[in-house]
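Student: Please pick one part of this model and take me through it slowly, with every cut-off spelled out. I'd like one connected story rather than a list.

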Amino acid sequence: MNQQPESAPTIIKPDRIEWRPVGQFRIDGRRVYIGDSWMIGCGDVDAPVTPGVYDIDIKIHYYGSDDRVALLRGRLVGSKPDGERLAGEFGVDVASAGVIDADAYDRWHASDEKATEVWQEKFSAGQTGDYADFFPCEQIGSSMLYTSTGFGDGGYNAVTLVEGDRPVGFELRFLSDEGYSNEPVRPALTLKERAWIAVLLPITIIVAIPVVILGLVSRWSNKFLRMHKK
């Protein structure tokens, strides 16, 4: 059976890039959790921060009529980041990432775990379709910052922005300005390949059915014999 070469990957670049402000985010602790917003505090990146108020902005990539959040940035008001370091990698399962004051969240979770679960369930049930926003958390005197994540579920990098040695910001990076690569896609099956499948598939089914039936009969027989031995 002749194999056709796989198609080469295509680099798709955004037609337009735009920055948008989200608002200001107060962090009283010295750490933030960055992770899946539907399960914040569970296996997240634990990133250092300097207490204070952070300006939050998002970068939007436009692909024709489609638009996606490519990056979320938090920067301490008045700071001038001059470097960065990788904070870690996190995963999301529902195309939404969250950031929360880790010190405040840990204190609350330790004192009332059930309450944190109820709060998390409220977020999961009431999340809006906004690019990014804040979900109030009165118990810690702040909010959880959340954002949609590029093209959805997957693993993403969290980066700490620094000014000298002082952590003064964070970035959640979902899409590169250089574009994204489509995975090589195998060409459609040839007529010859389709013909082989049409012949082999019924034969496979005919052979498999008796094997399955025989296995079930054997299992039931063994079970019946064991019961009577008792």
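Tutor: A bit of vocabulary before anything else: helices (H or I, at least four residues) and strands (E, at least two) are DSSP runs, numbered from the N terminus. Bear in mind that this is a predicted model, where local features need pLDDT of at least 70, side-chain atom pairs count only at pLDDT 80 or more, and totals for chains, interfaces and linings use all residues. Numbering runs from 1 along each chain as its sequence is written, and side-chain values use heavy atoms, with hydrogens and water left out.

Let's zoom in on strand β3 and start with Asp-36, which lies in it. Asp-36 is buried, because its relative accessible area is 7% (buried means under 20%, exposed over 50%, partly exposed in between, with a 1.4 Å probe and protein chains only). Leave out residues up to four places away in sequence, and Asp-36 touches Asp-44, Gly-91, Val-92, Asp-93, Val-94, Ser-96 and Gly-98; contact here means heavy atoms within 4.5 Å. There's also a long-range relation to look at: Asp-36 and Thr-147 sit 111 residues apart along the chain, with their C-alpha atoms separated by 9.8 Å.

Now for the partner strand. β3 covers residues 31-36 and runs antiparallel to β4, with 4 bridges joining the two (strands pair if DSSP finds at least two bridges between them). Opposite Pro-48 in β4 you'll find Arg-31. In a regular strand the side chains alternate between the two faces of the sheet. Strand β4, residues 45-48, shows this: Val-45 and Ala-47 point to one face and are buried, while Asp-46 and Pro-48 point to the other and are not.

Stick with Arg-31 for the charges. Side chains of opposite charge can pair when their charged atoms come close. Arg-31 makes a salt bridge with Asp-106, and their closest N and O atoms are 3.2 Å apart (the cut-off is a side-chain nitrogen of Lys or Arg within 4 Å of a carboxyl oxygen of Asp or Glu). Since Arg-31 is in strand β3 and Asp-106 in helix α1 (residues 102-111), the pair ties together parts that are 75 residues apart in sequence. Both ends are partly exposed: Arg-31 has 23% relative accessibility, and Asp-106 has 29%.

The structure holds 13 salt bridges. Another one pairs the side chains of Asp-28 and Arg-26, at 2.9 Å from N to O. Asp-28 is partly exposed at 48%, and Arg-26 is partly exposed at 48% too. Asp-66 and Arg-68 also meet through their side chains, at 3.1 Å from N to O. Asp-66 has a relative accessible area of 27% and is partly exposed, as is Arg-68 with 26%. Then there's the network: salt bridges that share partners join Arg-31, Asp-46, Asp-103 and Asp-106 into one, which brings us back to β3.

What about the greasy side of things? The largest nonpolar core has 30 residues, and Ile-34, Leu-72, Phe-90, Val-99, Phe-170, Leu-172 and Phe-174 are those with the most contacts inside it. Strand β5 (residues 52-63) gives the most to this core, 6 residues. Apart from that core lies another, of 15 residues, with Tyr-33, Ala-102, Cys-137 and Tyr-146 among them. As for the definition, a core is a set of buried Ala, Val, Leu, Ile, Met, Phe, Trp, Tyr and Cys residues joined through side-chain atoms within 4.5 Å.

Phe-174 is worth a stop. Not counting residues up to four places away in sequence, its contacts include Leu-72, Phe-90, Thr-147 and Ala-70. Ala-70 sits in strand β6 (residues 66-76) and counts as buried, because its relative accessibility is 0%. Beyond four places in sequence, Ala-70 is in contact with Lys-59, His-61, Leu-172, Arg-173, Phe-174 and Leu-175. The C-alpha atoms of Ala-70 and Ser-176 are 6.9 Å apart, although 106 residues separate the two along the chain.

Finally, step back to the whole chain. There are 3 helices and 13 strands, and 35% of the 230 residues count as buried. Among contacts between residues at least 6 apart in sequence, 74% join residues at least 24 apart.
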